[in-house]
Amino acid sequence: MTEQALRLGTRRSKLAMAQSGQVADAVSQVTGRSVELVEITTYGDTSREHLAQIGGTGVFVTALRDALLRGDVDFAVHSLKDLPTEQSDDLALAAVPVREDPRDVLVARDGLTFAQLPDGARIGTGSPRRMAQLNGYARDHGLTIETVPIRGNIDTRIGFVRSGELDGVVLAAAGLHRIGRIDEVTDFLPVDTVLPAPGQGALAIECAADNADLVAALAELDDPLTRAAVTAERSLLAALEAGCSAPVGAFADIPQALDFGRAGGTPTADGQIVKEMRLRGVVGTTDGSTLVQLSTTGPVPETHDQAMALGRELAAEMLAKGAAGLMGEREH
């Protein structure tokens, strides 16, 4: 008798289906069981309101988690940056696979890079974090841009540029990689220019905490270095008491060891023994007039608690420099 197929809960968007399909293949390989995708419609997919007004990207996660808790699906795949920082007791974050390229990218008209944008260029993004840093960067370099709040899937966003409504849009490189459209990028924004969202480019695979066999099987897909990095980034976000729609960027990496030229954009140590992890954080007003940006470097965390501590320490320094006043409504 063959074992029943594992049911993977996924949002219905093209990107969610693409990344869930990739995880499904990997899970089939490690478990020897077939995996079927179960499409879950979320309020965030059907609502036309701005994400920040309906609770940020957490609305996408809630429907998938509810399906898990009801037993409608066996496990779910999320974009890690959408996960609330508080982990549910009933669910296990069973795996954080190797991270895709974490950078933000520009898709602009006429193949323009960010530096080539005309004065007053209209740049679309739904993210206060991106607005704060793009406006700050433009201000520092004598450029004038207008950031325009947009939402919708990748097709919709790039459509604003193709139709001439916007000069460019800023998106996550990882999403374009996963749906095979990275060749539409006109500029990769270095993390020194725009720090990504905490956990950007990484996926989270969740299942019921009491399903020990499935937790163990999924754990084979876990990448310890990616998990340490995103844990530190999300710890910073949590310690700032900021939600996933706050203007907070964070990125943990191994200094001098990043090599995005490799398939999947994996941080690699190229045979060196990696000893240090650098964590950078930024908080800013969306007009970019005030940014608090700090970094810290410490030993590569070997435990969850060490990664959490790295994030909390940097958050404390940022709060001491006035970060709290830049975030608008803080979560309580």
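Ala252 has a relative accessibility of 4% and therefore counts as buried, the cut-off being under 20%. The structure is a predicted model, and the values reported here are computed from it. Ala252 belongs to strand β11. Leaving aside residues up to four places away in sequence, Ala252 is in contact with Arg99, Ala229, Glu233, Met277, Arg278 and Leu279. A further spatial relation links Ala252 to Gly311: the two are separated by 59 residues in sequence, and their C-alpha atoms lie 9.3 Å apart.

The burial of Ala252 is shared by its strand. In β11, which spans residues 248-253, 6 of the 6 residues are buried, so the strand is largely enclosed by the rest of the structure. In a regular strand, side chains alternate between the two faces of the sheet. Both faces of β11 are covered, with Val248, Ala250 and Ala252 buried on one side and Gly249, Phe251 and Asp253 buried on the other.

Strand β11 is part of an open sheet of 3 strands, ordered β11-β12-β13 and paired in antiparallel fashion. β11 and β13 form the edges, each pairing on one side only. From one strand to the next, the twist averages 10 degrees. Strands of a sheet pair through backbone hydrogen bonds. Between β11 and β12 (residues 276-284), which run antiparallel, there are 6 bridges. Within this pairing, Gly281 of β12 is the bridge partner of Ala250, and Arg278 of β12 stands opposite Asp253. Arg278 is also among the residues touched by Ala252. Helix α8 lies across β11 and β12 and runs at about 150 degrees to β11.

The sheet and helix α8 also contribute to the largest nonpolar core, which has 22 residues; Leu236, Leu240, Met277 and Met318 have the most contacts inside it. Two or more residues of this core come from each of α8 (224-239), β11, β12, β13 (291-299) and α9 (304-320). The largest contribution, 5 residues, is that of α8. A second, separate core has 16 residues, including Phe75, Leu203, Leu218 and Leu221.

Helix α1 was examined separately. This helix comprises 18 residues (14-31) and extends 25 Å from its first C-alpha to its last, close to the 26 Å expected at 1.5 Å a residue. Its buried residues are Ala16, Gln19, Ser20, Val23, Ala24 and Val27. They cover an arc of only 150 degrees around the axis, which puts them on the same side of α1. An α-helix has 3.6 residues a turn, so residues three or four places apart point the same way. The exposed residues Lys14, Asp25 and Gln29 are carried on the face of α1 turned away from its buried side.

The packing partners of the buried residues of α1 include both strands and helices: β1 (6-10), β2 (35-39), β3 (75-79) and β10 (203-208), together with α6 (173-178) and α7 (212-218). After α1 comes Gly32, which has a positive phi near 75 degrees.

Notes. Residues are numbered from 1 along each chain as its sequence is written. This is a predicted model: local features need pLDDT of at least 70, side-chain atom pairs count only at pLDDT 80 or more; totals for chains, interfaces and linings use all residues. Side-chain values use heavy atoms; hydrogens and water are left out. Buried means under 20% relative accessible area, exposed over 50%, partly exposed in between (1.4 Å probe, protein chains only). Helices (H or I, at least four residues) and strands (E, at least two) are DSSP runs, numbered from the N terminus. Two strands pair if DSSP finds at least two bridges between them. A nonpolar core is a set of buried Ala, Val, Leu, Ile, Met, Phe, Trp, Tyr and Cys residues joined through side-chain atoms within 4.5 Å. Contact means heavy atoms within 4.5 Å. Axes are lines fitted to C-alpha atoms, for helices over the stretch in contact, and angles run from 0 to 180 degrees between N-to-C directions. The expected span of a helix is 1.5 Å times one less than its number of residues. The arc is that of the directions from the helix axis to the C-beta atoms.
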